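This report examines one protein chain through its helices and its aromatic residues. Please keep the sequence and the structure at hand while reading.

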Amino acid sequence: MDDKKEGEAGKSIRSNVMANGILQFLNYAFPIITLPFVGRIIGTQEFGVINFYSVLVGYFTLFVIYGFDASATRRVPELVKRTSDLKVFFVEIQSSKILLLLIAASVYSILLVLIPDGNEHYKVAWSTFAVAAGWALMPNWFVQGIRRMKELVWLNIIPKTFFLVLIFLLIRSVNDSYLYPLFISLSTILSAFLSLLYLRLRLKMPLKIHFNRSMFHRLWSERLVFLSSLINNLNQTVSIIILASFVSYSQVGIFSLGWRMMNVIQVLVSVPILQALFPVLGVQLRSNIQEGTKSLNQSIPLLLIIVTIASGSLWLICPWLIDFFFGPEFIDAAGVYQLIAFLPLISVLNHLIGSSFLLNLGYDNDVLRVTIVASVTAIALNLFLISSYGLKGAIVALILTEIILLILYSGMCKNRGLKFWNINEWKLSLVLDHLKR
């Protein structure tokens, strides 16, 4: 690759990183901006209810997305010069997501009957589930693959700003708590519609649903990537589901606020960079594993530095932030966050090894086995520690799960003869020099 092409690639990566950061912030803007307002009105009990169903629906959303943000995104660059094939692929993936949404809605409706207090919170439950419809329509996987994420920023800003204003205007009592997840869902659905309209008008992508044998074959072939993404999410969120079975929703609310503060670092800092790097690293690794691994390792120190600064800063000010914005009723959440503030560092490494490295090399089965072992361990740890120690047990289980996952991934690389760690490339000067090109 000559200097000009390297410069263009670097510019594309930086542009995608910035656009991803903005879009991730917009997707997380409701919790960041509105949670203090909503939390003071509805209190810890209803706050816990909302977060419980948010985590529960998160599993269904992952089912609808089906890992296409990884598997389909890495396929798009290979088809970008074959327009007709690219359009067929686009319809196939979007149709798959619609089918998965219909299945998810059916299973969710049955599950709500089985949850002891599901009927009492049906408004919150279904208002939250509607976000899955938005992600079923959302074409981010495609736009990420063609590296044009920056063109979708305004299509997300406008609807999210509109519904954010509605939250402040319309939520006045605990009885209005369902409006919070409803407006989040509606903003996602509207953003998805606008994004699809953009792709239709600008890139002439077909907007239709077509169920065929090829689609079902793809769903079957991509099942391992989906299961890996689902299980990876389970490792961090199962604590909230199990916690709700042993403690009050108020305690769930305290834990989930501390957990959400940790997610601020992951969603706004590490995830945009990792998502922007994913398709680029995939091409490099599949064409030359040595050079791809070198580039991947050069990304590690910068990522760790950025995440450390962000986590450390939030660690210092989180007690003041929670007391000022949420009130003394939520102050225990500061202690929860301060105990898990370092986890984004481990999560970054787990993502780099599992998704950026192993999945891009096609080790889907191995990644699935590792994540299954980690998830079974996470469930066992949470059941034992939460039943014995409550909220503190959930914190310990969350920490141990991430550490165990890192150990398992590293062991797998060693067993497969793959050299992921290359400390010689962990030089910040190399990263900065690479980004300047």
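Are F90 and F142 buried or exposed? Both F90 and F142 are buried. The model in which they appear is a predicted one, and the sections below place them in the context of the chain.

## Overall composition

The protein chain contains 16 helices and 0 strands. Of its 437 residues, 55% are buried.

Contacts within the chain often bring together residues that are far apart in sequence. Among contacts between residues at least 6 apart in sequence, 85% join residues at least 24 apart.

## Helices α3 and α4

Helix α3 spans residues 83-114 and helix α4 spans residues 122-137. The two pack with their axes 9 Å apart, at an angle of about 165°. Because an angle over 145 degrees counts as roughly antiparallel, α3 is described as roughly antiparallel to α4. The crossing of α3 past α4 is right-handed.

On the α3 side, the contact is made by Q94, K97, I98, L101, A104, A105, Y108, S109 and L112. On the α4 side, the residues are A125, W126, F129, A132, A133, W135, A136 and L137. By character, the residues of this contact between α3 and α4 comprise 14 nonpolar, 2 polar and 1 charged.

## Helices α9 and α15

A second pair of helices consists of α9, residues 223-246, and α15, residues 391-415. Their axes lie 10 Å apart and form an angle of about 165°. That angle makes α9 roughly antiparallel to α15. The crossing of α9 and α15 is right-handed.

From α9, the residues N232, N235, Q236, S239 and L243 meet L391, A394, L398, T401, E402, L405 and Y409 of α15. The contact of α9 with α15 divides into 6 nonpolar residues, 5 polar and 1 charged.

## Aromatic pairs

How many aromatic pairs does a search of the whole structure find? The search finds 24. One of them joins F90 and F142 in an edge-to-face arrangement, with 5.2 Å from centre to centre and 70° between the planes. This pair links distant parts of the chain, since F90 belongs to helix α3 and F142 to helix α5, with their positions 52 residues apart in sequence. As stated above, F90 and F142 are buried.

F324 and F325 also form an edge-to-face pair, with a centre-to-centre distance of 4.9 Å and an angle of 85° between the planes. F324 counts as partly exposed because its relative accessibility is 49%. F325 is likewise classed as partly exposed, its relative accessibility being 36%. Elsewhere, F60, Y108, W126 and F129 form one aromatic cluster. Of these cluster residues, Y108 also takes part in the contact from α3, while W126 and F129 do so from α4.

## Residue N140 in helix α5

Helix α5, residues 140-145, contains F142. N140 is found in this helix as well. Is N140 buried or exposed? N140 is buried, because its relative accessible area is 16% and the cut-off for a buried residue is under 20%.

Which residues does N140 contact, apart from its neighbours within four places in sequence? N140 is in contact with W135, M149 and L152. Of these residues, W135 also belongs to the α4 side of the contact between α3 and α4.

Notes:
Residues numbered from 1 in each chain as written. Predicted model: local features only at pLDDT ≥ 70, side-chain atom pairs only at ≥ 80, totals over all residues. Heavy atoms only, no water. Axes fitted to C-alpha atoms, helices over the stretch in contact; angles between N-to-C directions. Helix = DSSP H or I, 4+ residues; strand = E, 2+ residues; numbered from the N terminus. Parallel < 35°, antiparallel > 145°, perpendicular 65-115°, else oblique. Left-handed = near helix turned anticlockwise from the far one by under 90°. Contact = heavy atoms within 4.5 Å. Nonpolar A, V, L, I, M, F, W, Y, C, P; charged D, E, K, R; others polar. Phe/Tyr/Trp six-rings, centres within 6.5 Å; stacked < 30°, edge-to-face > 60°. Buried < 20%, exposed > 50% of the residue type's maximum accessible area, 1.4 Å probe, protein only.
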